[in-house]
Amino acid sequence: MSFAPNLFSIVAIGAGLIFFLAGTCGLLRFPDTLSRLHALTKADNLGLGLVVIGLLPLADNVLAALKLVVVWVLVQLSGATVGQLIAQSTRRNGRTE
Amino acid sequence: MSTATLAGLTGAILAGVGLYGLIIHPDPLRRILAFNVLGSGVFLLFGIIARRGAAIGALADPVPQAMVITGIVVAFAATALAVALLIRLGAQTDPVVTQADKQDLARRADD
Amino acid sequence: MIVQTLDIGLAALVLTLAGYTVLARATFPAVVSYVAYGLLLSLIWVRLFSVDVALTEAAIGGGLTGVLLIGAAGKRRGTAVAATELDPTQPLRWAIMALCALAALALATVVVSLPDPAPTLAPQAMENIATTGLGNPVTAVLIAYRAFDTMLEKCVLVIAVVGVWSLACDRCWGGAPDVPRAVARGGTLTFFAQVLPPLGILIGIRIFWIGADEPGGAFQGGAILAAMWVIIMMAGLTDVPAISKRWLRIALAAGPIVFLGVGILGFAAAGGFLAYPHGFAKPVIIFVEIFMTLSIAATLPMLVGGAPIRAPRP
């Protein structure tokens, strides 16, 4: 269990957590729906991506590492879709609260 | 305090919270929600009994786990039936709408 | 130490979300909070090393129940507003809170005073698992040791569907239910429903297949397949089937009927109801599970869709 991959994982996952924290602060503090969605999608893409990159050296085999990347892609896909749908609904209903 | 005991206490509190919501709300949909919270709390109690029954080869006793899986599926079926009854009842009678929901509706209509 | 922090943090989050679900003033935020609560609860299940239950809780408890309740909240919002202030008075609230705290305290006392060499059936389950040919003890319990319970559960699902369908108005019988639909054809949801389901179906079948040896199984795989069908129906890429369609009714009934048939054949093959032939147990189990998964994938969306609201097209 060498030191360098663990250090890399800790740094990457820590950076990912910072993005998650930023996204949560955005969700709580931004004034309207569209800017909150913007904050959340940053957490989805960058935050989860950095966490996944940090977990890649710790995966058991190549297949497990590939599954982690597939998880990230699927979360991005669904996050982007839901963000679009919420934004369209917001614009259609005229709500900005 | 082990994970199992902490999860068990969480399950006990969830059961209490769900029971409170079940009694206090006049709106049937909120009652269905609280009922689901109550149910998941009870399932957690099953879960800690499973975890405490770990043995060689099985990290958790499989029999309570199987019961919980069955329970989750049946609870979903019961919730679906309750929601269908609720919608049908709503089509026949005036719904129960609390002040808070009225304000929420008014606010959405204003924007 | 770190593990304790994770557990305490998870418990705090779950309790906060449950409190918000119960105490929130408006309905829609409460339902959304319930979905988040279900997903975090499945993390607690993983911490209890019950991964099969975690998968089921995430898929059915959090996901499908959330879709059902969000649809219900939306359907009820359009109805006429007649305000009745039925909320209990403040002293009564305190009394109810005290009673519920008492109930929670009783359960907590049970939790901390459970017997210490914990009674368990795990050793017996693991002893005999070789005869079933399975590697996952939870699947062995579901389909081999307690197969009767699982068969009855499939029957309960079909009965629930019949119950939901019977709530249709008389002239709607035989028509199609209504699933929350996308507003714009060809929009974002359509793209999503074209990209995700191929992968989702693959993942669902894989989780069902791997359930024989690893965490997974028919319920979890069937729930994922059901979710894919619900997404396709929501995007409008396929019509919600009318409840009079023969293929739908065969798909719904196939699971319990095959299970019951295998059970009755067990008399001839192995000398008891739902007994599996010696050395041939695993193929029979997989055969039953295939029809179970098909049935679950057909039943759960029908439960989400609800009663038919349109008269059948001739």
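**Exercise 1.** Find which residues Ala54(B) is in contact with, leaving aside its neighbours within four places in sequence.

*Solution.* Two residues are in contact if their C-beta atoms, placed from the backbone, lie within 7 Å. By this test Ala54(B) is in contact with Leu59(B), Ala60(B), Asp61(B) and Ala122(C). Ala54(B) itself sits in the loop between helix H2 (28–52) and helix H3 (62–92) of chain B; helices are DSSP runs of H or I with at least four residues, numbered from the N terminus.

The model is predicted: local features need pLDDT of at least 70 and side-chain atom pairs pLDDT 80 or more, while totals for chains, interfaces and linings use all residues. Residues are numbered from 1 along each chain as its sequence is written, and chains are lettered from A and ligands numbered from 1 in the order in which they are written.

**Exercise 2.** Decide whether Ala54(B) is buried, partly exposed or exposed.

*Solution.* A residue is buried with 20 or more other C-beta atoms within 10 Å of its own, exposed with 12 or fewer, and partly exposed in between; C-beta atoms are placed from the backbone. Ala54(B) has 17, so Ala54(B) is partly exposed.

**Exercise 3.** Compare the span of helix H12 (residues 281–305) of chain C with the expected one.

*Solution.* The expected span is 1.5 Å times one less than the number of residues. For the 25 residues of H12(C) this gives 36 Å, and the end C-alpha atoms are 36 Å apart, which agrees. Of these 25 residues, 19 are buried. Just after H12(C), Gly306(C) takes a positive phi of about 90°.

How values were computed:
Helices (H or I, at least four residues) and strands (E, at least two) are DSSP runs, numbered from the N terminus.
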